[in-house]
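Student: I am new to this structure. Please take me through one part of it closely, and start with the cavity.

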Amino acid sequence: RSTVLLRPFVEVTFQRSSRVTHVADGPNPHWNQELVCPLTVVNNDYSASNLRQISDIVYFNVFDEIIIDILADDRLRDTNIHQRLERRWLGSFQIPFSTIYLNSRIEGKFKLNVPSTLIGYNKDHGQQPQLLHDPNPLMALSPNAADKNSYLSIFITVEPPLAPQTPLREIFDSNEEVRLIRASALWENQFNEKFQTRRARNLVTDVNGKSVFITRYITAQNPPAYLIPEERKECQTLPAMQKVAKFVSLIPYYHDSIAFSGSCDIWATSDLFLKMLAGDEEEHAILLCNYFIYMGIDAYVVIGVGIPEGETCYVLTKQIDGCILWNPSTGDFHPQARSYHSLVTVSYLFNHENIWANIQPYDDPGRLDFNIRSTKLWRPFFTKAASQLSTIQTSRLEYIETNTAAIATLESNLEKMLMDKIMEWRERHVTRWNRHCRVVLRELLPQLEAGTLSEEDQLNAMSDLLNSHHVTGFPINMRYTDASTIIETVYSSNVHVAEDPGVEFALTVYIHPYPNNVLSVWIYVGTLVKKY
């Protein structure tokens, strides 16, 4: 669809309550609008311990408003107007309520997750609607021309303010040397006093309640063997790195306040992380960093402030052509020198050898010099004479093959559940299913997971349907946490809101299993209306 005719608006959904902005015109919309969503708390208990347990997600979805002419008799066109408004989903992002609550307020630019395929949208060249690989009708929202992503600037808070419980300053037993603990406290205090907007800490709490140095978490650890090439040099290519980054991002995310039901920040080892299938930023970052080191890549865990997480962990890799910052919880990555980053500040970084505090005048990652050998830029904790601390990690990670029969059952159950839900959401309308379209879409999903589906292949697969129907649709890819999260994601896309009396639906689910029950869930959903 031509971007000239784009009429975008934003819908915010929280706890099944939705609010929408006004409709803008063109690919550079400005809404400048306040939306208020109610917060429902069980038993009206607004205590910090209860608010931390709220697992609901705030969904931000961008739609394109379409005006459909439904006047049947052209002879009445001068005197009658018969139109119907429809909405087409363009992209979205999500913020857990727990993130908003723990940070009190969130402000910044958020990248829209636009699917690799948006059926019904094409480049503005006058041809029939085509299926495009990596389309982005809102590309002009990008902060720079080289960036093909779209972004929304938002400010979000809770009113009246709900003060989160003050995190405990963990002072636990430790097996570390007393002299190192004292030196660490002095080093941290000097840095935190001089740079009050930055925060450094060398000791963290493990699952046994012991304080350990963060460097003990970093060591080379093996990814699943089939994810990396046999040749050492091939391991250091961007495609190989993306594969392991995607695997890490698919491991379910749970904030410590939910996973451990407390206000302490617990750091789990990679082995335990893979067994629990639950962790927050630090577990994802440590595992990805250790994978990269195993692959022969110079990698570090970076601590700073990100959007929307607040205090967060990223991974920095150093390559010949520059540094790359990786968000281990999403799998996203971008060059360190780029102007836009979801990581907005950097306080310190570490690997298995040392901890380096950022003592540069600025903390914006795009402006930082990551030459950690310069003591004018980075202040190390350990001296050159200090011996390297041994790791607490398992030297070799063991992986268990996921039960494919169980996954096939889950796939079938999830597809039936989503189809039933769409019919339930459309209780006032008849819901017809196009089985042929489902079969076509189902064949595309494994290729989307593998990243081998070209634009031409998609066009060929969909050509018959595109010739006979007006088709809209998109794939959704997400990690598997639970069925309710998937249902809410599909619901928030509003795909079920279709008013055409002849509309047909197509929905299919594909689950790609990784080791240790890590799952990549694909849902392809679309609507079809026959051409007259």
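Tutor: We begin with the lining of the largest cavity. In this predicted model, the residues around that cavity are M419, W433, N434, R435, R438, F505, A506 and L507. Two elements each give two or more residues to this lining: α10 and β18. The largest share comes from β18, with three residues. Sorted by class, the lining of the largest cavity has five nonpolar residues, one polar residue and two charged residues.

Now its volume. The largest cavity has a volume of about 30 Å³. A search of the whole structure for cavities of 30 Å³ or more finds one. In general, empty space left between atoms shows up when a probe the size of a water molecule is rolled over them.

Next, look at the two elements that line the cavity. Helix α10 spans residues 435-450. This helix lies across β16, β17, β18 and β19. Strand β18 covers residues 504-514, and α10 runs at about 30° to it.

Those strands form a sheet. The sheet is open, has four strands, and follows the order β16-β18-β19-β17. Its pairing is mixed. Strands β16 (432-433) and β17 (469-479) each have a single partner strand, so they stand at the edges, and one side of each is left without a neighbour in the sheet. As a general point, strands of a sheet pair through backbone hydrogen bonds, and the pairing can be parallel or antiparallel.

Take one pair from the sheet. Strand β19 holds residues 518-530. Eleven bridges join β19 to β17, and the two strands run antiparallel. One residue pair to find there is G473 with its bridge partner in β19, G526.

Finally, set an open space beside the enclosed one. The second largest pocket has a volume of about 1,200 Å³. It is lined by 36 residues, and the closest to its centre are Q33, L35, I154, F155 and I156. The elements that give two or more residues to this pocket lining are β1 (8-14), β3 (57-69), α2 (97-103) and β6 (151-157). Strand β6 supplies the largest share, seven residues. By class, the pocket lining has 26 nonpolar, seven polar and three charged residues.

To return to the cavity: find F505, A506 and L507 in its lining, then find α10, which lies across β18.

Notes
Residues are numbered from 1 along each chain as its sequence is written. This is a predicted model: local features need pLDDT of at least 70, side-chain atom pairs count only at pLDDT 80 or more; totals for chains, interfaces and linings use all residues. Side-chain values use heavy atoms; hydrogens and water are left out. Two strands pair if DSSP finds at least two bridges between them. Contact means heavy atoms within 4.5 Å. Axes are lines fitted to C-alpha atoms, for helices over the stretch in contact, and angles run from 0 to 180 degrees between N-to-C directions. On a 1 Å grid over the protein atoms alone, a cavity is a set of points where a 1.4 Å probe fits but cannot get out, and a pocket is an open set with protein on both sides within 12 Å along at least five of seven lines; lining residues have an atom within 4 Å of a point. Grid points are joined across faces, edges and corners, and a volume is the space filled by probe spheres set on the points. Ala, Val, Leu, Ile, Met, Phe, Trp, Tyr, Cys and Pro count as nonpolar, Asp, Glu, Lys and Arg as charged, and the others, Gly among them, as polar.
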